[in-house]
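Visitor: I would like a close look at one part of this protein, after a short account of the whole. Please keep to what can be read from the model.

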Amino acid sequence: MSLQTSLSVTEQLHEHFDSPAFRELVPALAERFKEDDYVELESFLPPALAHRAQQELADLYDTRSRRRDILVPSTGNTPRNFSNLDRDVLLAGSSVIPAVFDCPALLKRLSEIAGQEVLPVPYVPEEYISARMDRPGDVHGWHWDDYSFAVVWVVKSTPEGCGGDVEYIPDTFWDKENPRLEHYLATREIRRRHPASGTAYLMRTDTSLHHVTPIAEGVERIMVCFSYCSLEDLDREVTHDTMDLLHPNA
């Protein structure tokens, strides 16, 4: 048995995120995040853990996923068309996903990249969720997140040109009573990214209006979203309109 396979999931994650190789990337990532409110973390998980998580997610999507086809009023009636797994399903059925969220070494690296303390969100249902887009036209419509930061691990990406792009507009404000999507889309530059399978991206999600573009026929996109907050988030009232619609039993 190799040393890697003899380590626990928690130990493997610590070794990965606290490794010299990962830490050497941080200064450049921090500069990029400061400019873009977005940065990609390639090969986010060690290969063995990524494979293990993929298998766990496949089993859960076969048995525990729920289809969502809704419009969300607080983001301007933008659509959500995908299947998902909520936090409690992932907690019960994955040995990797909860450990990633709870990893102190990852939190330390994220804080260094973000230039401020990055903390677990105080709202349990939003800690981590997964979504699978697998029908033609499936889309994760324009929205903001309730908290400041998200790490989105793209478990499976789409081929270039087949949808599944991440588009975002930084430095925006979410007024849930009047989201003004048309204003932002008409007057601001829309930035586009297409993170590859296995890549995660860190985004400033409370001030970046963002969406995932509709996918084409015959392709699939699977992601896991880990939500994190800032110190400021802990001092303000946060409502959970979108989560209440997507996960009514959470």
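How many helices and how many strands are there in the chain? After that, please turn to the loop that holds tyrosine 147: which residues does tyrosine 147 touch?

Guide: This is a predicted model, and its chain has nine helices and 12 strands. The radius of gyration of the chain is 17 Å, close to the 18 Å that the globule rule gives for 250 residues, so the chain is as compact as a globular protein of that length. The C-alpha trace spans about 55 × 40 × 35 Å along its principal axes. Of the 250 residues, 56% are buried. The accessible surface comes to about 11600 Å², and carbon and sulfur atoms account for 50% of that area. Contacts reach across the sequence: among those between residues at least 6 apart, 86% join residues at least 24 apart.

Now to the part you asked about. Tyrosine 147 sits in the loop between strand 6 (139-143) and strand 7 (149-156). Although tyrosine 147 is in a loop, it counts as buried, because its relative accessibility is 4% and the cut-off for buried is under 20%. Leaving aside residues up to four places away in sequence, tyrosine 147 touches Val121, Pro122, Tyr123, Glu126, Thr205, Asp206, Tyr228, Cys229, Asp233, Arg236, Val238 and His240. Isoleucine 222 is not in that list; the C-alpha atoms of tyrosine 147 and isoleucine 222 are separated by 22 Å, with the two positions 75 residues apart along the chain.

One of the residues touched by tyrosine 147 is aspartate 206, which belongs to another loop, the one between strand 10 (200-204) and strand 11 (209-212). Aspartate 206 is buried as well, at 15% relative accessibility. Its side chain makes a polar contact of 3.3 Å with the side chain of serine 148. With residues up to four places away in sequence again left out, aspartate 206 touches Trp144, Asp145, Tyr147, Ser148, Asp233 and Arg236. Asp233 and Arg236 therefore appear in the contact lists of both tyrosine 147 and aspartate 206.

The residues just after aspartate 206 lead to isoleucine 169, since Thr207, Ser208 and Leu209 are among the residues that isoleucine 169 touches. Isoleucine 169 is in strand 8 (residues 166-169), and its relative accessible area is 0%, so it is buried. Its other contacts beyond four places in sequence are Trp142, Tyr184, Leu185, Arg188, Glu189 and Ile190. The C-alpha atoms of isoleucine 169 and arginine 32 are 16 Å apart, and the two residues are separated by 137 places along the chain. In the loop that runs from strand 8 to helix 8 (181-187) lies aspartate 171. Aspartate 171 is exposed, with a relative accessible area of 56%, and its phi is near 60°, a positive value in a residue other than glycine.

A positive phi also occurs at asparagine 77, again near 60°. Asparagine 77 lies in the loop between strand 2 (66-72) and strand 3 (78-85), and at 47% relative accessibility it counts as partly exposed. Glycine 115, which follows helix 7, has a positive phi near 75°.

Helix 7 (residues 104-114) has eight of its 11 residues buried, so it is largely enclosed by the rest of the structure. The buried residues are Ala105, Leu106, Leu107, Arg109, Leu110, Ser111, Ile113 and Ala114. In helix 2 (residues 9-17), the buried residues are Val9, Gln12, Leu13, His16 and Phe17. They cover an arc of only 120° around the axis, which puts them on the same side of helix 2. An α-helix has 3.6 residues a turn, so residues three or four places apart point the same way.

Last, the cysteines. Cys229, one of the residues that tyrosine 147 touches, holds the cysteine sulfur closest to that of cysteine 225. The two sulfurs are 13 Å apart, too far for a bond. Cysteine 225 is buried, with a relative accessible area of 9%, while cysteine 162 is partly exposed, at 22%. The disulfide count is zero.

Key. Residues numbered from 1 in each chain as written. Predicted model: local features only at pLDDT ≥ 70, side-chain atom pairs only at ≥ 80, totals over all residues. Heavy atoms only, no water. Disulfide = S-S within 2.5 Å. Buried < 20%, exposed > 50% of the residue type's maximum accessible area, 1.4 Å probe, protein only. Helix = DSSP H or I, 4+ residues; strand = E, 2+ residues; numbered from the N terminus. Arc of directions from axis to C-beta. Rg over C-alpha atoms; globule rule 2.2 N^0.38 Å. Contact = heavy atoms within 4.5 Å. Areas by Shrake-Rupley, 256 points an atom, 1.4 Å probe, with all protein chains shown as cover. Polar contact = N/O pair within 3.5 Å; in protein donor to acceptor, adjacent residues only side chain to side chain.
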